[in-house]
Protein chains: 2
Amino acid sequence: MFSPAFDDLVQRLRVLPGVGPKSAQRMALHLLSRNRHGGLDLAHALNHAMHSIQSCVMCRSLSEKEVCNICASNDRDQHLLCVVESPADVIAIEQSGSFKGRYFVLGGHLSPLDGIGPEEIGIPLLLSRINHEEISEVILATNATVEGQATAHYIIEASKNLPIKVTRIAQGVPQGGELEYVDSHTLSQALQYRLSVR
Amino acid sequence: MFSPAFDDLVQRLRVLPGVGPKSAQRMALHLLSRNRHGGLDLAHALNHAMHSIQSCVMCRSLSEKEVCNICASNDRDQHLLCVVESPADVIAIEQSGSFKGRYFVLGGHLSPLDGIGPEEIGIPLLLSRINHEEISEVILATNATVEGQATAHYIIEASKNLPIKVTRIAQGVPQGGELEYVDSHTLSQALQYRLSVR
């Protein structure tokens, strides 16, 4: 519209998830009219992050160092390994404050049709870590979706001869969930895995 | 969370309008996990746009050149000048395809309480252009808000001794508007400025 640099900026802003042509235009106009300093800071932060953040060689999560803070920490329980699909899941679990072990990030789930097999989601590295480290329990925290369950199942099979405990995070009624609105699969899981309270 | 560069990126993404902490985190993870190339391109486009796009010296809209494409074009009617509040309004009118004159961008509206007076929205430049160019009609296309109306009214007063026609864009029922849902002020404007059709 105004210039090639403006059109290019609007186009590039659309790489952000959830940003369509109208939002991109609004963002570009906002930065140019009211916050050029913020725009330049964002450009710098993007450049720095894209170049400096890589995968941790131990857990495959995001890190600026070769080994991420969580893997390098002596305060984390080295016997517990929590397997998740993505770095976002690590953030979610850390924010819950209820896990003090370490993580392994698959970076996706098994999806043979898309050419994503065990190698692509780091299963060989996971098994090698279980073999060579003092891990006593692997907690499977892949998503409660069909693909997440299938991936968890694959790991259970692949590790069945290893001398470790393998657990799966509980499925059931979420906090604040009203039974009336909970889907029937979740309810049947909640009933099947009911806990003894007395 | 993962590293200072990650936290910094999430923080900087929040300069974008409509982006809160959760969206910013999702955007950062998306770029890092799936589209680093897109992230670098965006950084480059931001840098380039923030440095190269300035205000057109004639119309105060956004431009990479001293005089923007619209002001420099010989195909635009030099007798018509449309006054709008922001560059976004120029885009909206251009997209309607129904105006072939040139623009003047105020860059806001009068707001004495915020220290925004006639100088800040370029009224002296506007009056000087009307005086020195062959402008025969000024179309006031400020927003149909209280502030936009007050700004239009100020321009009408300031230009009352100049030998030009001053018009205001029509107010009325918008296309597709159902009378039942149109506010009463709009309806009263639509009735007051009714057009003779036969």
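**Close-up views of chain A**

**View 1. Chain A from end to end.** The secondary structure of chain A adds up to eight helices and six strands. Keep in mind that this is a predicted model. Reading from the N terminus, the order is α-α-α-β-β-α-β-α-β-α-β-α-β-α. So much for the parts list; now for the overall dimensions. The C-alpha trace stretches over about 65 × 45 × 35 Å along its principal axes. Chain A has a radius of gyration of 22 Å, whereas a compact globule of 198 residues would come in near 16 Å.

**View 2. The two domains of chain A.** Domain 1 covers residues 4-52, and domain 2 covers 74-168. How far apart do the C-alpha centres of domain 1 and domain 2 of chain A lie? They are 35 Å apart. As for contacts in chain A between residues at least 6 apart in sequence, 49% of them link residues at least 24 apart.

**View 3. The surface of chain A.** About 11100 Å² of chain A is exposed, with carbon and sulfur atoms supplying 53% of that area. On the inside, 40% of the 198 residues count as buried. The charged side chains come to 17 positive and 21 negative, and the centres of these two sets sit 5 Å apart.

**View 4. A:F104 in its strand.** Look for A:F104 in strand β4, which takes in residues 102-105 of chain A. Is A:F104 buried or exposed? A:F104 counts as buried because its relative accessible area is 0%, and the cut-off for buried is under 20%. Its contacts beyond four places away in sequence include A:M58, A:C59 and A:R60. A:F104 also touches A:L81, A:C82, A:V83 and A:V84. Further along the chain, A:I121, A:G122, A:L125, A:L126 and A:R129 are among the residues it touches. For a sense of distance, try A:T186: A:F104 and A:T186 are 82 residues apart in sequence, and their C-alpha atoms are 26 Å apart in space.

**View 5. Helix α5 of chain A and its neighbours.** This helix runs over residues 87-96, and A:P87, A:D89, A:V90 and A:I91 are buried in it. An α-helix has 3.6 residues a turn, so residues three or four places apart point the same way. What do the buried residues of α5(A) pack against? Within chain A, their partners are β2 (62-63), α4 (69-72), β3 (80-84) and β4. Chain B joins in too, with α1 (4-13) and α2 (21-34). Right after α5(A) comes A:G97, which has a positive phi, near 65°.

Definitions and conventions:
Residues are numbered from 1 along each chain as its sequence is written. Chains are lettered from A and ligands numbered from 1 in the order in which they are written. This is a predicted model: local features need pLDDT of at least 70, side-chain atom pairs count only at pLDDT 80 or more; totals for chains, interfaces and linings use all residues. Side-chain values use heavy atoms; hydrogens and water are left out. Helices (H or I, at least four residues) and strands (E, at least two) are DSSP runs, numbered from the N terminus. The radius of gyration is taken over C-alpha atoms; the globule rule is 2.2 Å times the number of residues to the power 0.38. Buried means under 20% relative accessible area, exposed over 50%, partly exposed in between (1.4 Å probe, protein chains only). Contact means heavy atoms within 4.5 Å. Accessible areas come from the Shrake-Rupley method with a 1.4 Å probe; for residues, only the protein chains shown count as cover. Lys and Arg count as positive and Asp and Glu as negative; His and the chain ends are not counted. The place of a charge is taken as NZ of Lys, CZ of Arg, CG of Asp or CD of Glu. Domain bounds come from an automatic or database domain assignment.
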